[in-house]
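Subject: Structure handover

Hello,

Here is the structure I said I would pass on. My notes on it follow below the model.

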Amino acid sequence: MAKNKSNGYDDEEMTVELELDDGEKVTCAIITILTVDKQDYIVLLPLDEDGNNDDGEVWFYRYSENEDDPNEEPVLGYIDDDEEYENVADAFDEYLDNVEFDEVVNEDKE
């Protein structure tokens, strides 16, 4: 876990470092893991060198873990199909709506 108070997100968040096709390494905050049509997807927020994301862009990847070996690194895969990508984007929009609703409800309780 990485701590970073300058980015405006949680004080403690899970991050992952991705190596892109061109060899560039990007640190990403893990937003959530969604299940859509029995497939898991991870939603990543790419961060700049200061731990910020100013444009709000998120990346979606297929996600799988080896249930027999919890120490094995998870596998990320590209989403090549436009319809599959749209389904994941819709699920993420729904996730965001639920998070916003939960925040509003929690604020009302305080």
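**Strand pairing**

In β6, the residue opposite Ile42 is Tyr61. Please keep in mind that this is a predicted model. The strands concerned are β5 and β6 (residues 59-64), which run antiparallel and are joined by five bridges. On β4, β5 has an antiparallel partner as well, and eight bridges join these two strands. One of the pairings there puts Ile30 with Leu44 of β5 as its bridge partner. β4 and β5 form a hairpin with two residues between them. In that turn, Asp37 has a positive phi of about 50°. β5 is mostly covered, with six of its eight residues buried.

**Overall layout**

The secondary structure consists of seven strands and one helix. Along the sequence the order is β-β-β-β-β-β-β-α. The protein has 110 residues, of which 25% are buried. It exposes about 8,200 Å², and carbon and sulfur atoms supply 42% of that area. If contacts between residues at least 6 apart in sequence are taken, 28% of them join residues at least 24 apart.

**Nonpolar cores**

The largest nonpolar core has nine residues: Leu34, Val36, Tyr41, Val43, Phe60, Ile79, Val88, Ala89 and Phe92. At least two residues of this core come from each of β4, β5 (39-46) and α1. The largest contribution is that of α1, with three residues. A second core, separate from this one, has eight residues, among them Leu18, Ile42, Leu44 and Tyr61. The bridge partners Ile30 and Leu44 and the opposed residues Ile42 and Tyr61 were mentioned above.

Leu34, a member of the largest core, has a long contact list. Residues up to four places away in sequence aside, Leu34 touches Gln39, Asp40, Tyr41, Val43, Val88, Ala91, Phe92 and Tyr95.

**Aromatic residues**

There are four aromatic pairs in the structure. In one of them, Phe92 and Tyr95 are stacked, at 5.9 Å centre to centre and with 20° between the planes. The angle is what decides the label, because planes under 30 degrees apart count as stacked. Both residues lie in helix α1 (residues 82-109), three residues apart, about one turn of the helix. Together with Phe60 and Tyr85, Phe92 and Tyr95 form one aromatic cluster.

Are Phe92 and Tyr95 buried or partly exposed? Phe92 has a relative accessible area of 7% and is therefore buried. Tyr95 comes to 25% relative accessibility, so Tyr95 counts as partly exposed. The cut-off that separates these two cases is 20%, since buried means under that value.

**Thr32**

Thr32 belongs to strand β4 (residues 25-36). Its relative accessible area is 15%, so Thr32 is buried. Which residues does Thr32 contact, leaving aside its neighbours within four places in sequence? They are Tyr41, Ile42, Val43, Phe92 and Tyr95. This list includes both members of the stacked pair, Phe92 and Tyr95. It also includes Ile42, a residue of the second core, and Tyr41, Val43 and Phe92 from the largest one.

Regards

Notes:
Residues are numbered from 1 along each chain as its sequence is written. This is a predicted model: local features need pLDDT of at least 70, side-chain atom pairs count only at pLDDT 80 or more; totals for chains, interfaces and linings use all residues. Side-chain values use heavy atoms; hydrogens and water are left out. Helices (H or I, at least four residues) and strands (E, at least two) are DSSP runs, numbered from the N terminus. Buried means under 20% relative accessible area, exposed over 50%, partly exposed in between (1.4 Å probe, protein chains only). Contact means heavy atoms within 4.5 Å. Rings of Phe, Tyr and Trp (its six-membered ring) pair if their centres lie within 6.5 Å; planes under 30 degrees apart count as stacked, over 60 as edge-to-face and the rest as tilted. A nonpolar core is a set of buried Ala, Val, Leu, Ile, Met, Phe, Trp, Tyr and Cys residues joined through side-chain atoms within 4.5 Å. Accessible areas come from the Shrake-Rupley method with a 1.4 Å probe; for residues, only the protein chains shown count as cover. Two strands pair if DSSP finds at least two bridges between them.
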